[in-house]
Amino acid sequence: MKQILSVSNLRFSWGENQVLKDINFKVNANQLIAVLGVNGAGKSTLIKCINGILKPDVGEISVLGEDVADLGLIEVAKKMSYVPQNVQTNFPMEVFDVVLLGRRPHISWSVNKDDRDKVSKTLRILSLEDFAFRRFDKLSGGEKQRVVIAKAIAQDPNLFLFDEPTSDLDLWHQIEVMEEIKRLISDTNIFKSAIVAIHDINMAIRYADKIMLLHDGNIEDFGEPEKVVTKENIEKVFGVSCDIFPASKDSPMRIYVKEKLSLS
């Protein structure tokens, strides 16, 4: 199986606060990895280290066998697209042109028909056709989030990096986005994968091929959902008790949180 990402001995600190400690994992093609953990566990930091926004203290990150530290911005953008947790940029342009920005790593001299077709297809997939010629800076927070996700999809990378991509979306659009991410990386004829930092454990269980639990700067567990999402892991990482219902013919595996546990 083709390997998309390798992270070896990664450490990152904010001053004296060590956020990530000796992080090691690999992501193969056609895998959706959900990263779970409490606020401050290092989910966003890990994603930013992978795509080069943050420089690790030590460690090696390679995409398709190439060290990210040795790649230029254009090469990184061809291999990875990133959607931040909060959309802070207010593009003063129409939605179609914002999504078209995702094609910039692939454009040599001018935008061609294939670029425009890919943007149109992406807008259609995410039910954004009616927004194509509306101003991005006039949209709601959830609408902006969907457009930025569309921009990342139009970028057509090997690795999608999503930091809480559904945080501003209603439930219908949460499912739409997660289903589209899953569809994008499921074609075994192409080499694509996705890493999604997410708070919703049941959403992670439903769509992820593997789940990573971050706790105190370390990977507490990493593997298939049914092996990682255990009562013991949930209690240790999140400090809550829960009931876990296994998958059945009619429903996926799911977790029901009961109560907070004492910190003593």
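Helices here are DSSP runs of H or I with at least four residues, numbered from the N terminus. Keep that in mind for the views below, which all come from a predicted model.

**View 1. A132 in the loop between two helices.** Look for A132 in the loop that links α4 (113-125) and α5 (141-154). Is A132 buried or exposed? With a relative accessibility of just 6%, A132 goes down as buried, because the cut-off for that label is under 20%. Leaving out residues up to four places away in sequence, A132 touches E94, V95, F96 and L123. S120 is also worth finding here: its C-alpha atom is 8.5 Å from that of A132, and the two residues are 12 apart along the chain.

**View 2. The open sheet.** Four strands make up this open sheet, and their order is β2-β1-β4-β5, with antiparallel pairing. On the edges you get β2 (17-28) and β5 (66-67), each with a pairing on one side only. Zoom in on β1 (residues 3-14) and β2, and you can follow eight bridges between them, running in the antiparallel sense. To pick out one bridge, start at S6 and go across to its partner in β2, K26.

**View 3. Aromatic pairs.** How many aromatic pairs turn up in a search of the whole structure? The count is five. One of them is F12 with W14: the ring centres are 5.0 Å apart and the planes meet at 85°, so this pair is edge-to-face. F12 itself is buried, its relative accessible area being 5%. Another is F160 with F162, where the centres are 5.9 Å apart and the planes are at 10°, so that pair counts as stacked. Both F160 and F162 are buried.

**View 4. A charge over a ring.** Here K2 and F191 come together: the charged end of K2 sits over the ring of F191, 5.2 Å from the ring centre.

**View 5. The largest pocket.** The largest pocket holds about 980 Å³ of space. Its lining is made of 37 residues, and the ones nearest the centre are N51, I53, L73, V76 and Y82. Which elements give two or more residues to the lining? They are β4 (58-63), α2 (73-79), β6 (80-83) and α5. Of these, α2 gives the most, with four residues. You have already met α5 in the first view, on one end of the loop that holds A132.

Notes: Residues are numbered from 1 along each chain as its sequence is written. This is a predicted model: local features need pLDDT of at least 70, side-chain atom pairs count only at pLDDT 80 or more; totals for chains, interfaces and linings use all residues. Side-chain values use heavy atoms; hydrogens and water are left out. Two strands pair if DSSP finds at least two bridges between them. Buried means under 20% relative accessible area, exposed over 50%, partly exposed in between (1.4 Å probe, protein chains only). Contact means heavy atoms within 4.5 Å. Rings of Phe, Tyr and Trp (its six-membered ring) pair if their centres lie within 6.5 Å; planes under 30 degrees apart count as stacked, over 60 as edge-to-face and the rest as tilted. A charge sits over a ring if NZ of Lys or CZ of Arg is within 6 Å of the ring centre and within 35 degrees of the ring normal. On a 1 Å grid over the protein atoms alone, a cavity is a set of points where a 1.4 Å probe fits but cannot get out, and a pocket is an open set with protein on both sides within 12 Å along at least five of seven lines; lining residues have an atom within 4 Å of a point. Grid points are joined across faces, edges and corners, and a volume is the space filled by probe spheres set on the points.
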